[in-house]
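Student: Hey, I've just opened this one and I'm new to it. Can you walk me through a few parts?

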Amino acid sequence: MAIIQQSKINNAFKKAKQEKRQVLFSSTIEVQNAVDPLAFFKNGKEKYRGERFFWKDSSNERILAGIGVEKSFQYNEVDHRFFEAESEWKRLIEHAIIDNPSDIPGTGPLLFGGYSFDPLSEKEEEWADFAASQFYLPRHMLTISQGKKYLTVNILCSPNNDEAPALQSEINDLLSMGGKGQGKKSIEEASIEEIHKEAWIKAVEDVIEELRAGELQKVVLARKIKAAFKETIKPPVVLEALLNEQPDSFTFAFESGESCFIGASPERLIQKNGSKVLSTCLAGSIRRGTADEEDNLLGLELLNDQKNLQEHAFVVRMIESVFAKYCKDVKIPDGPTLLKLRDIQHLYTPVVGTIDEEVPLSALIQALHPTPALGGEPREKAMEVIRQKEKMDRGLYAAPIGWFDYRGNGEFAVAIRSGLLKNNEAFLYAGCGVVADSDPLSEYIETKIKLKPMLRAVGGIES
C-alpha cells in the first residue's frame, strides 16, 4: 500500500500560512497496486463528473488519467491565448512544494487541456462548456509510464485553512477505484443527421474555383454530423472502444461541465522532452484495402499520387520552417512513408529537432497551429476562406490538445478523428484538404471514411 507521511502535508500548510499566499502542494508516489487507468477515469464520475481527463499516446508508452479540478486556467481572449495558461502555471510552480521521486515526464503536477481551433469563428451552442484556451490541474492523477504506475495528488493550500486534509485516506480510496474494467457498448438506435451536406459540397466547389485562380494552394474544409441516441452516451464506454479499435492513435477525453471532447487522433503536433522536440507531418490519405494485395496497391497509389504528395509537402515545409526558427538542428527523412490505421492510411513524415530547454512549449504550439494539414496554405488566407465557407464552429476539433508538466515537458496531438459528447448526442467532425484538382464528391467520401472511427465508437455503426 502506498503511504504519504501526513507530516509533509502539515508542513505544506505551515508554509502556505508563512507566505500568506496560496501554495501548491504536490505529492507523487509509485504504486504497486493493479490500477486500471480506464476504471480510475470511470469511477471518478460519482464525485468528479465533468472534471475528468484521459490521455494515451500513440506509442502506448504513457497513459494519464486525471479526476477533479484543483485549479482551472481558462481564457477567451484571442491575443496571448497560447501563453496565458503556461505563464500562470509557471508562477504557481515557482512557489510550489513538489515531492516527486520520479524524473519521468508526465509525473508530478501538470496541466491538461487544449486550445480551440479558431477563436475568431462564431461560437456555437454545443461548445459553450469550453473556452478558447482551457486547462486544468487535476486534484488526483494516475500516470503509467515505462512500466511503472504513479499517483499524484495536488492540493492548493490556502493561508486561512486551519486543517490539512486526510491525504492518506484519499489515496486509499483512489487506489480502490481502479480495479474493474468496462462493460460493452449498450447504445443502440442512433439517429444520424448529416448537417448541411449539400451546402458543404457546394463550398468545396467554390473553394476549388478560388484555388484555380492561383491565390491559394490548399484549404482544409471540415464538416460535422450529429448522432442522437435514446440514452446518455458514456465517455468511458466510448474511450474503451477507441482504445481497442485505434491502438496506434493518441486517445483522449476532456470533460468540461456537461460536455466531453473525445477522440483517437493519429497525428502528433509537438512533443517536448528536455531539449528534444518531435513533430509529425500527416497529410494525404487513402482508404484501406479489404485484402493485403489491394491494401498494398492502394498504399503504393498514395505514395505516387501527386495531389496527395503536394498536400504532404505543404505540411513538411511549414513544420521544417518552424523548427528551423527554434531548433539548433533539424532532421527530416527524404520522403514520406505510410501510416496504416484501421480505416485509412496516410502519408507520414517525422520531424526531429534540438531546442533550448527554456523555450516554452506554448511558443511551438502557436507557431505550428494550424498546420497546412488542418488549415491550408498560405495559412491566413486559408483561415479566412474557412470562416467564410465552412460556416461551422470547430471548437476543439483539429486543434491542439494535450499536456505540459512542471518541468516544461509535454505533448500535444492534433484533435482529429474526434467528437463532442453531450448527454445523448454526439457531434462528430471530419475534414479534407482541398487543392485545385480536387473532386468535391471524392472529398465528401474521404470525410465519410474519416468519420467511421468515432461513429463506430459511439455506437452509430458496427462495421
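Tutor: Sure, we'll go through a strand, a cavity, some salt bridges and the cysteines, keeping in mind that this is a predicted model.

Student: Okay, strands then. How covered is S19?

Tutor: Strand S19 covers residues 410–414 and is mostly covered, with five of its five residues buried.

Student: And which way do its residues point?

Tutor: Gly410, Phe412 and Val414 point one way, while Glu411 and Ala413 point the other way, and all are buried. In a regular strand the side chains alternate between the two faces of the sheet.

Student: Which strand is joined to S19 by four bridges?

Tutor: That's S12, residues 268–273, and the two run antiparallel. For a landmark, look at Arg268, which stands opposite Ala413 of S19.

Student: And what about S18, how many bridges there?

Tutor: Five bridges pair S18, residues 400–405, with S19, again in the antiparallel sense. Ala413 turns up here too, as the bridge partner of Ile401.

Student: What sits between S18 and S19?

Tutor: Four residues lie between the strands of that hairpin, and Gly408 has a positive phi there, near 95°.

Student: New topic. How many cavities of 30 Å³ or more are there?

Tutor: There are three of them. The largest has about 230 Å³ of space.

Student: Which residues line that largest one?

Tutor: The lining has 23 residues, and those nearest the centre are Leu282, Ala373, Arg417, Gly431 and Lys450. Sorted by class, the lining has 10 nonpolar, six polar and seven charged residues.

Student: Which element gives the most to that lining?

Tutor: Strand S21 does, with five residues. Elements that each supply at least two residues include strands S9 and S13 and helices H9 and H12.

Student: Switching again: how many salt bridges does the structure hold?

Tutor: It holds 24 salt bridges. One of them is between Glu311 and Lys218, with the closest N and O atoms 3.2 Å apart. That pair links distant parts of the chain, since Glu311 is in helix H9 and Lys218 in strand S9, 93 residues apart.

Student: Are those two buried or exposed, and why?

Tutor: Buried means under 20% relative accessible area. Glu311 counts as buried because its relative accessibility is 5%, and Lys218 is buried because its value is 1%.

Student: What does Lys307 pair with?

Tutor: Its side chain meets that of Glu443 in a salt bridge, 3.1 Å from N to O. Lys307 lies in helix H9 and Glu443 in helix H12, so the pair ties together parts that are 136 residues apart in sequence. Both Lys307 and Glu443 are buried.

Student: Which residues do the shared partners join into one network?

Tutor: Lys218, Lys307, Glu311 and Glu443 are joined into one network by salt bridges that share partners.

Student: And what about Arg394, what is its partner?

Tutor: Arg394 forms a salt bridge with Glu390, with the closest N and O atoms 2.7 Å apart. Both Arg394 and Glu390 are buried.

Student: Last one. How many disulfides are there?

Tutor: Zero. A disulfide is a covalent bond between the sulfur atoms of two cysteines.

Student: Where does that leave Cys327 and Cys432, buried or exposed?

Tutor: Cys327 counts as buried because its relative accessibility is 12%. Cys432 counts as buried too, at 1%.

Terms used. Residues are numbered from 1 along each chain as its sequence is written. This is a predicted model: local features need pLDDT of at least 70, side-chain atom pairs count only at pLDDT 80 or more; totals for chains, interfaces and linings use all residues. Side-chain values use heavy atoms; hydrogens and water are left out. A disulfide is a pair of cysteine sulfur atoms within 2.5 Å. Buried means under 20% relative accessible area, exposed over 50%, partly exposed in between (1.4 Å probe, protein chains only). Two strands pair if DSSP finds at least two bridges between them. On a 1 Å grid over the protein atoms alone, a cavity is a set of points where a 1.4 Å probe fits but cannot get out, and a pocket is an open set with protein on both sides within 12 Å along at least five of seven lines; lining residues have an atom within 4 Å of a point. Grid points are joined across faces, edges and corners, and a volume is the space filled by probe spheres set on the points. Ala, Val, Leu, Ile, Met, Phe, Trp, Tyr, Cys and Pro count as nonpolar, Asp, Glu, Lys and Arg as charged, and the others, Gly among them, as polar. A salt bridge is a side-chain nitrogen of Lys or Arg within 4 Å of a carboxyl oxygen of Asp or Glu.
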